[in-house]
Amino acid sequence: MASAADDEKVIRSRLLVDGDGSGDDRRVTTLLRNFIKWCNSDAPEEERYAQYQRLLVTLRQCEFAIGKTEMVCEMNQRETNRYEQMHSDIERNIREAQLKIKECQKELREAKRIRKYRQEYDALAGVIQQNPDRQESMKQKVSLETELSELKEQRESLDRKLDIRRKQFHLLVHSIQELQKLLEDEETESPMES
């Protein structure tokens, strides 16, 4: 693990020195060699001046590479900041979404509970609708009680009539028996007379 971190540091320092891989480290090394050579040179003035101009060109290229590297670093830093901001925004959005999901789950449970109560209410209402209301039931009860009392009176009346008819029938049967007896008595008396 430590070697990976060390390797990463080496790669970063090489990239910082080398820039975008266009040989900046070689350029700096060449600039230093040429500078040392130029300082220790015994060449004629014109050749030294040409070497000096080449050193300036190489120096400007190095400065340009440094400027470019600094700009890339700044851009990378801005991108890193932007990505961190996006990451924090995404994290915040995720937390908000989780809270919203919890609220929606709570609302769903409440809606299911209400729906269950409504279904029970509808079932009870259906049962209640199948039966008449209290006033209608009371009217039916009064009507049935009235009809029952009328039927009882009719029965009593019919029982009285039946009783009278029985008595009359009994009287009739008794009268018939008496009449028969009388007739029989007369018949028995009449042959004696003849």
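At 37% relative accessibility, C73 falls in the partly exposed class, whereas C62, at 8% relative accessibility, counts as buried. In this predicted model, a search of the whole structure finds 0 disulfides. A disulfide is a covalent bond between the sulfur atoms of two cysteines; for a pair to be counted here, the sulfur atoms would have to lie within 2.5 Å.

The overall architecture is helical, with 4 helices and 0 strands in the protein, and from the N terminus on the elements follow the order α-α-α-α. Of the 194 residues of the protein, 7% count as buried, a class that is reserved for residues under 20% relative accessible area. The accessible surface of the protein amounts to about 18,000 Å², and carbon and sulfur atoms account for 56% of this area.

Helix α3 spans residues 45-130 and is built from 86 residues. Its extent from the first C-alpha to the last is 123 Å, which is close to the 128 Å expected at 1.5 Å a residue. Several positions within α3 are buried, namely Q51, L55, L56, T58, C62, A65 and T69; for C62, the assignment as buried follows from its relative accessibility of 8%, because the cut-off for this class is under 20%.

The search for aromatic contacts across the whole structure returns 1 aromatic pair. The rings of Y49 and Y52 have centres 6.4 Å apart and planes at 35°, and the pair is therefore classed as tilted, since an angle of this kind is neither under 30 degrees, as for stacked rings, nor over 60, as for edge-to-face rings. Both tyrosines belong to helix α3, where they are 3 residues apart and so separated by about one helical turn. Y52, with a relative accessible area of 34%, is partly exposed.

Further along α3, a nonpolar patch of about 380 Å² is formed on the surface by Y83, M86, I90 and I94. Of these patch residues, I94 is placed in helix α3 and has a relative accessible area of 38%, so that I94 is described as partly exposed. This value also satisfies the requirement of over 30% relative accessible area that applies to patch residues.

Technical notes:
Residues are numbered from 1 along each chain as its sequence is written. This is a predicted model: local features need pLDDT of at least 70, side-chain atom pairs count only at pLDDT 80 or more; totals for chains, interfaces and linings use all residues. Side-chain values use heavy atoms; hydrogens and water are left out. Patches are made of residues with over 30% relative accessible area and no salt bridge: like charges are joined within 9 Å, nonpolar side chains (Val, Leu, Ile, Met, Phe, Trp, Tyr) within 5 Å. Accessible areas come from the Shrake-Rupley method with a 1.4 Å probe; for residues, only the protein chains shown count as cover. A salt bridge is a side-chain nitrogen of Lys or Arg within 4 Å of a carboxyl oxygen of Asp or Glu. Helices (H or I, at least four residues) and strands (E, at least two) are DSSP runs, numbered from the N terminus. Buried means under 20% relative accessible area, exposed over 50%, partly exposed in between (1.4 Å probe, protein chains only). Rings of Phe, Tyr and Trp (its six-membered ring) pair if their centres lie within 6.5 Å; planes under 30 degrees apart count as stacked, over 60 as edge-to-face and the rest as tilted. The expected span of a helix is 1.5 Å times one less than its number of residues.
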